[in-house]
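Work through the exercises below with the coordinates loaded. Each task is followed by a solution in steps.

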Amino acid sequence: MASGNKLAIEPQTSLSRRELLRRGALAGASLHPGISLLSAAAGGDSAGSSIAEYELNVAAREAHPDGRSRQIWCYNGQLPGPLIRAKLGQKLRIKVVNHLPVATSVHWHGLHQPGTWHMDGVDKVSHEPIPPGQSFVYEFEATPAGTHWYHSHVGVQYANGLFGPLVIDEPTPPARYDREEILLINDWFLRPAEQILAGLVGPMRSGGKMRGMKMRIAGEPRMKGMAEKGMAMQGGMKMGDKPDIADVPFESALFNGLGRFPRTGAPLAHLRVKQGETLRLRLINASSTYQFRVEIDGHPLTVIATDGAPIVPLTVDNLLFSPGERYDVLITANRGQDSWIRAATLAGDEAHAILSYADSPKEEPTTRPVVWGKRSLALDALRSPTPPALDPHPREVLLRMGGTMQPYAWNINDESYPHAQPIAAAKDEWLRFVLDNPTGMDHPFHLHGHYFYVLGKPDRLNLVDPPRKDTVNVAARSRLVLLWQANNPGHWFFHCHIEWHAATGMARVIEIASH
C-alpha cells in the first residue's frame, strides 16, 4: 500500500441497542430478518443538494432470511443494506461505523472514484480497514450513473450479509417506464463465510470431504464437480465434459433478503405490480459463489443496461449473470396473474420470488417444472448504443487463470495475490487484457475504477460497438478479450468475484501512474 493512505479513524463510544436500531430506522432499515421489497425511493433525500449523506452502522444480529437461524453481519440492521442513492456528479459522503469485533471496509462496486482511489474500500490496497469500535467517512463523486452495489472488501465478509444496493441517477433515463424497483439476488449459506473458507483451505478428510465444510443435510444438493486431490485446475487436466459449477454446495438464495430453504416454509419476496405498467427492474447479483439464470414466467425481459452502462435494447426470456454483475431490464405487467420469479444455478438448483399483481389471490402461483424460454441473453449480443473510439494499438497483457483444489489456492499467471507483482500502467495507456481460462470453472472478473470494452473471443472480436462493463464472466476453457484505458491514476484491484477464489489468490493490483 502506498504511504499516506491511512484512514482518518474516529473512535466511537458504545451505542446502545436502542440507539443502533434508531439510526438504522432513520436510514430506511427494515428491522426484521428480510425485506420483501427494496423501494427505489428509500434512502436520504439529497434532491437539490450537492452532497448526499448517509450513515452505515455495521453490526451482527440474529436472523433467519431463508427460514434457518444464524448470526448475520449487516448494515443498519437490515439484509440487504439500505439503498444508497445519489444524482450523477453529486458528492457522496458516507460515514461507516464498525460495531463488529473485527476490522471491515466498504467497496462501492461500479463507482470509478476519479481522483479518490484511496476511497475504493479494498483492504490494504485502497486503505487499511476500519478497526472495531471506530468509524471512517468515505467521500467521493457519484459516477458513473446506473445500477451498482456496495459490500465489504475484507476477506470473505460480504458473504455474511455485508452488501446493499447503490443507484446513481442519470440525467435522462435510458428508456421510458412507469416506475422502478431493485431485485438483489444472492446465494446464502448457514455457516459463516470464514468457516466455509477454512474448510476449503484445510486438509482433506478421508473420503474426499473438506475439513470444516458443512455436512450435507436433508434437502441440500451434493457438491458437484470437485477436482481430485492434488489435481491442478489448468489446461491439461481432465475434468470431464462439463465444467465445475462451484466449490461450495448450493443451499439457498435470497431475493431482497428473503428466501426459502427446503421444508422451512419461510416467506418469499413479492415484487408487486399493477396491470399494464412498465417496470424498470434493477437486477444485482450479490452472490459469493453462484451465477444465476433469471426468468419471470410469462414476462419477457428487455435489457437496457449492464453494470450501469446503456446498451442497445434487447428482448430475451432469461439472462444468466454472475457475482458482481448488474442488468437493468424492462418488464410489462400484462399477464394479469401472479408469476414465479426464478433464479437457477447452472446445476439446476432453483430459488424463487413472486411477481405479485394487485388484487391477486394470496396463494402462491401453481408449482410446475420450469420451462425456460428459448431466448437467452448472450454476451456477444450486447452492443453499445454509440460506437466508441478504440485505440488500434493497445499494449496486450495475457492473464492466465489457474489453481489447485489441494491445496486450495487460485492464481493468475502462476502468481497468487498478495504475493504477485502488480500490473503497471502509464496514465491514459490503452491495455488489451486477454483473459485465458483453461480451468474447469467459470470466473467472473471485476475491474475497479474503470469500465472496459468486452471485445469478445479472440477469433471474433467486436471492434465496432462493444459493450462497456466492469464485471464479466470468463467461461471455463475459454478466452475473452477486454480493452480499456488506464485513465484513472491509482491502485486498483482486478479479481475474480467468487469470494473463495479472490481470497486465495485470484487477484492482481493494477498501479496506474499519476503522470
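The exercises that follow concern a predicted model, and each can be checked on the coordinates.

**Exercise 1. Strand order in an open sheet**

Task: State which strands stand at the edges of the open six-stranded sheet, and find the residue opposite Tyr453.

Solution.
1. Write out the order, which is β23-β22-β25-β30-β27-β28, with mixed pairing.
2. Read off the two ends: β23 (408-412) and β28 (468-469) each have a single partner strand, so one side of each has no neighbour in the sheet.
3. Go to the β28 end, where two bridges join this strand to β27 (residues 452-456) in an antiparallel arrangement.
4. Tyr453 has Arg468 of β28 opposite.

**Exercise 2. The neighbours of β11**

Task: Describe how strand β11 (residues 179-188) is covered, and give the sense of its pairing with β14 and with β12.

Solution.
1. Count the buried residues: nine of the ten in β11 are buried, and the strand is mostly covered.
2. Take β14 (residues 278-285), which runs parallel to β11 and is joined to it by seven bridges. Within β14, Leu279 is the bridge partner of Arg179.
3. Take β12 (residues 252-255), which is antiparallel to β11 and is joined to it by four bridges. Here Ile185 has Phe255 opposite.

**Exercise 3. Both faces of β20**

Task: Determine which residues of β20 (residues 339-344) are buried on each face, and trace the pairing of this strand.

Solution.
1. Note that six of the six residues in β20 are buried.
2. Apply the rule that side chains in a regular strand alternate between the two faces of the sheet.
3. Sort the residues by face: Ser339, Ile341 and Ala343 lie on one side, while Trp340, Arg342 and Ala344 lie on the other, and all are buried.
4. Pair the strand with β15 (residues 292-296), which is antiparallel over four bridges. In this pairing Arg293 is opposite Ala344.
5. Pair β20 with β21 (residues 350-357), also in the antiparallel sense, over six bridges. Ala353 in β21 is the bridge partner of Ile341.
6. Inspect the hairpin between β20 and β21: five residues separate the strands, and Gly348 among the residues of this hairpin has a positive phi near 95°.

**Exercise 4. The buried side of α2**

Task: Locate the buried residues of helix α2 (residues 193-201) around its axis, and name what they pack against.

Solution.
1. List them: Ala193, Ile196, Leu197, Gly199 and Leu200 are buried.
2. Check the arc, which is only 160° around the axis, so these residues are on the same side of α2.
3. Compare with the helical repeat: an α-helix has 3.6 residues a turn, so residues three or four places apart point the same way.
4. Find the partners, which are β23 and α3 (499-503).

**Exercise 5. Nonpolar cores**

Task: Give the number of residues in the largest nonpolar core and follow the contacts of Leu319.

Solution.
1. The largest core has 75 residues, and those with the most contacts inside it are Phe255, Phe292, Leu319, Val329, Phe433, Trp484 and Trp500.
2. With neighbours within four places in sequence left aside, the contacts of Leu319 include Leu283, Phe292, Val303, Val329 and Leu377.
3. A second, separate core has 26 residues, among them Leu92, Trp108, Met119 and Ala145.

**Exercise 6. Classifying aromatic pairs**

Task: Classify the ring pair of Tyr75 and Tyr150, then that of Trp108 and Phe140.

Solution.
1. The count of aromatic pairs is 14.
2. For Tyr75 and Tyr150 the centres are 5.3 Å apart and the planes stand at 55°, so the pair is tilted.
3. The two residues are 75 apart in the chain, with Tyr75 in β4 (residues 70-75) and Tyr150 in β9 (residues 146-151).
4. Tyr75 is buried at a relative accessible area of 1%, and Tyr150 is buried at 0%.
5. Trp108 and Phe140 also form a tilted pair, with 5.3 Å between centres and 40° between planes.
6. Trp108 lies in β7 (residues 107-109) and Phe140 in β8 (residues 134-141), so this pair ties together parts 32 residues apart in sequence. Both Trp108 and Phe140 are buried.
7. Ring pairs join Tyr75, Trp108, Phe136, Tyr138, Phe140 and Tyr150 into a cluster.

Note on methods: Residues numbered from 1 in each chain as written. Predicted model: local features only at pLDDT ≥ 70, side-chain atom pairs only at ≥ 80, totals over all residues. Heavy atoms only, no water. Pairing = 2+ DSSP bridges. Buried < 20%, exposed > 50% of the residue type's maximum accessible area, 1.4 Å probe, protein only. Core = buried A, V, L, I, M, F, W, Y, C linked by side-chain atoms within 4.5 Å. Contact = heavy atoms within 4.5 Å. Arc of directions from axis to C-beta. Phe/Tyr/Trp six-rings, centres within 6.5 Å; stacked < 30°, edge-to-face > 60°.
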